[in-house]
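Subject: The structure for you to look at

Dear colleague,

I am handing over the structure we spoke about, and I would ask you to look through it slowly before reading my notes. What I found in it follows underneath.

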Amino acid sequence: MKYCLCLLLQVRIVKVSNIFLAASKRDIKEFFSFSGDIQYIELRSEFERSQIAYVTFKESQGADTAMLLSGATIADLCVSITPVEDYQLPPEAYKEILVNLTP
């Protein structure tokens with residue numbers, strides 16, 4: 001029972017703040033390419049000159065590795081990367097994830 005609870009508490013999603021507005025999902029994917037397999041990326045406007053991304057990894061190890069990159073630069077801005085436990089994927093994300101799971 002304790003093992004199951006541990007699996008539920010593993011974070012697979014990170015919030016990336018202070019991303020330059022011109023950065024794309026492709027830029028985010030390339031930046032995290034060595035962290036682990038990404039299932040979904042959602043970009044949202046944050047401020048007038050920046051945006052945030054919610055990056056969902058296939059495994060918690062990807063999120064753990066991604067957080068080590070906090071303070072690095074994506075498209076000329078220093079980003080902050082933090083774990084997210086209460087994020088809800090948008091409906092279109094489920095379709096994209098299912099498409100990526102089929103061989």
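Let me begin in the middle of the sheet, where strands E1 and E3 run antiparallel and are joined by 6 bridges. One place to find this pairing is Phe20, which stands opposite Ser50 in E3. Please keep in mind throughout that this is a predicted model.

On its other pairing, E3 is joined to strand E2 (residues 38–47) by 8 bridges, and these two strands also run antiparallel. If you would like to trace the pairing residue by residue, Ile41 has Val55 as its bridge partner in E3, while Arg44 is partnered there by Ile52. The connection between E2 and E3 is a hairpin of 2 residues.

Taken as a whole, the sheet is an open one of 4 strands, which lie in the order E2-E3-E1-E6 with antiparallel pairing. Because E2 and strand E6 (80–84) each have a single partner strand, they stand at the edges, and one side of each is left without a neighbour in the sheet. From one strand to the next, the twist averages 25°.

Is strand E3 mostly covered or mostly open? It is mostly covered, since 8 of the 8 residues in E3 (residues 50–57) are buried. In a regular strand the side chains alternate between the two faces of the sheet, and it is therefore worth checking each face in turn. On one side of E3 you will find Ser50, Ile52, Tyr54 and Thr56, and on the other Gln51, Ala53, Val55 and Phe57, all of them buried.

For the chain in general, there are 4 helices and 6 strands, and from the N terminus on they follow the order α-β-α-β-β-α-β-β-β-α. Of its 103 residues, 35% count as buried, and the chain exposes about 7000 Å², of which carbon and sulfur atoms supply 56%. Among contacts with a separation of 6 or more, 67% are between residues 24 or more positions apart.

Finally, a word on confidence. The chain has an average pLDDT of 83, and 81% of the residues score at least 70. Among the elements, strand E1 (residues 13–20) has the highest mean pLDDT, at 95, whereas helix H1 (residues 2–9) has the lowest, at 40. Over residues 1–9 the pLDDT stays under 50, and the model has 0 contacts beyond four places in sequence for that stretch.

With best wishes

Definitions and conventions: Residues are numbered from 1 along each chain as its sequence is written. This is a predicted model: local features need pLDDT of at least 70, side-chain atom pairs count only at pLDDT 80 or more; totals for chains, interfaces and linings use all residues. Side-chain values use heavy atoms; hydrogens and water are left out. pLDDT is the predictor's confidence in each residue, from 0 to 100. Contact means heavy atoms within 4.5 Å. Buried means under 20% relative accessible area, exposed over 50%, partly exposed in between (1.4 Å probe, protein chains only). Two strands pair if DSSP finds at least two bridges between them. Accessible areas come from the Shrake-Rupley method with a 1.4 Å probe; for residues, only the protein chains shown count as cover. Axes are lines fitted to C-alpha atoms, for helices over the stretch in contact, and angles run from 0 to 180 degrees between N-to-C directions.
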